[in-house]
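The following note is offered to a colleague meeting this structure for the first time. Its points move from the whole protein to its interior and then to individual residues.

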Amino acid sequence: MPKRTTVLDFQAKCDKGEKLSIVTAYDYAMAMAVDAAGVDAILVGDSLNMTMLGRENTLSATLDEMLHHTEAVAKGAKNAMVIGDMPFLTYQLGPEQALENAGAFLTEAGAQAVKLEWCPRASEITKFLVENGVPVMGHLGFTPQQIHRFGGYHQQGKDKASAALLLKEAKALEAAGAFGIVLELIPSDIAKKITASVKIPTIGIGAGPDCDGQVQVLHDLLGLMPDFHPKHAKAYLKLHEAIRDAVKQYVAEVGAGKFPPKS
Ligand code: KIV
């Protein structure tokens, strides 16, 4: 029987120099497909606020929505670790608030871990969650929940001081017990330096090839968003067009009386 990836497998793969692959998914069918492809983990990202719900940014995703989608993914994923993304203002107030909400990802939704974006108390919160049995993945660099502070989708860690801060925060997350750290939209050389400075896996998105693994948003990877093509993403399919053409054919066949056939 296949075994589900654990935090120990994550570290072991990283220690052996093997790259980790993570992709987002938000529903049962997609979770089954990406799980069958052999990803190490599936992130139920709060990016679902844009990809699934058509909203402008990640800020308004609610805990209930995240739990709802995480439950569907957890049912579809048999081998990959399922990581629930903690939405804005469900952990920033402190360890107790974070534990109550992170716990729901494990107890109600069936996830095995949570991810939380950097905030001033991120290390303290991470330590408390980990000590209480909730594995935590950190997230540094461009943290989308702080989009208004950053003033848009801008690369972080470009100057010496902010790069040094990222390194310090990565070490603090490692010391707090995080099992991995997402590095988003930072220069490749800074990601490389952080990766060499911590033992836990770094998972890049827009952070170059030297991280211990990569994470991608599934809709970018499949070409599902016709008007959104981030520089750091690679579309392996043109699924928007494929769906449009398939449904067009269906519409034409219904219109022409070719579908359904006589029964
Ligand atoms: O919400 C998300 O999909 C994420 C990834 C981009 C890392 O946080």
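1. Status and overall form. The model under discussion is predicted. The protein contains eleven helices and eight strands. Its radius of gyration is 19 Å, close to the 18 Å that the globule rule gives for 263 residues, so the protein is as compact as a globular protein of that length. The C-alpha trace spans about 65 × 40 × 35 Å along its principal axes.

2. Burial and contacts. Of the 263 residues, 49% count as buried. Among contacts with a separation of 6 or more, 59% are made by residues 24 or more positions apart.

3. Surface and charge. About 13100 Å² of the protein is exposed, and carbon and sulfur atoms supply 60% of this area. The protein carries 26 positive and 30 negative charges, and the mean positions of the two sets are 6 Å apart.

4. The nonpolar interior. Which residues touch the most other members of the largest nonpolar core? They are I42, L129 and L183, in a core of 55 residues. Helix α8, residues 160-176, gives the most to this core, contributing five residues. Apart from it lies another core, of 14 residues, which includes L43, I83, A113 and F179.

5. The surroundings of L183. Leaving aside residues up to four places away in sequence, L183 touches L140, A191, I194, T195, T202, I203, G204, I205, A207 and C211. L183 is also one of the three residues named above for touching the most other members of the largest core.

6. Two leucines with positive phi. Most residues other than glycine have a negative phi. L89, although not a glycine, has a positive phi of about 70 degrees, and L185, also not a glycine, has a positive phi of about 45 degrees. L89 belongs to the loop between β3 (81-85) and α5 (95-107), while L185 belongs to the loop between β6 (180-184) and α9 (188-197). Are these two leucines buried or exposed? L89 counts as exposed because its relative accessibility is 51% and the exposed class begins over 50%. L185 counts as buried because its relative accessibility is 16%, and buried means under 20%.

7. A cis peptide bond. Most peptide bonds are trans. The bond joining F259 and P260 is cis, with omega about 0 degrees. P260 is placed in the segment after α11 (239-255).

8. A buried glycine in a loop. G157 is found in the loop between α7 (147-150) and α8. Its relative accessible area is 5%, so G157 is buried, the limit being under 20%. Not counting residues up to four places away in sequence, G157 touches S162, A163, L166, P187 and I190. G157 and I205 are 48 residues apart along the chain, and their C-alpha atoms are separated by 14 Å.

9. An exposed proline in a loop. Where is P120 placed? P120 is in the loop between β4 (113-115) and α6 (122-131). With a relative accessibility of 71%, P120 counts as exposed. P120 and E169 are 49 residues apart along the chain, and a distance of 9.8 Å separates their C-alpha atoms.

How values were computed:
Residues are numbered from 1 along each chain as its sequence is written. This is a predicted model: local features need pLDDT of at least 70, side-chain atom pairs count only at pLDDT 80 or more; totals for chains, interfaces and linings use all residues. Side-chain values use heavy atoms; hydrogens and water are left out. A nonpolar core is a set of buried Ala, Val, Leu, Ile, Met, Phe, Trp, Tyr and Cys residues joined through side-chain atoms within 4.5 Å. Buried means under 20% relative accessible area, exposed over 50%, partly exposed in between (1.4 Å probe, protein chains only). Helices (H or I, at least four residues) and strands (E, at least two) are DSSP runs, numbered from the N terminus. Contact means heavy atoms within 4.5 Å. The radius of gyration is taken over C-alpha atoms; the globule rule is 2.2 Å times the number of residues to the power 0.38. Accessible areas come from the Shrake-Rupley method with a 1.4 Å probe; for residues, only the protein chains shown count as cover. Lys and Arg count as positive and Asp and Glu as negative; His and the chain ends are not counted. The place of a charge is taken as NZ of Lys, CZ of Arg, CG of Asp or CD of Glu.
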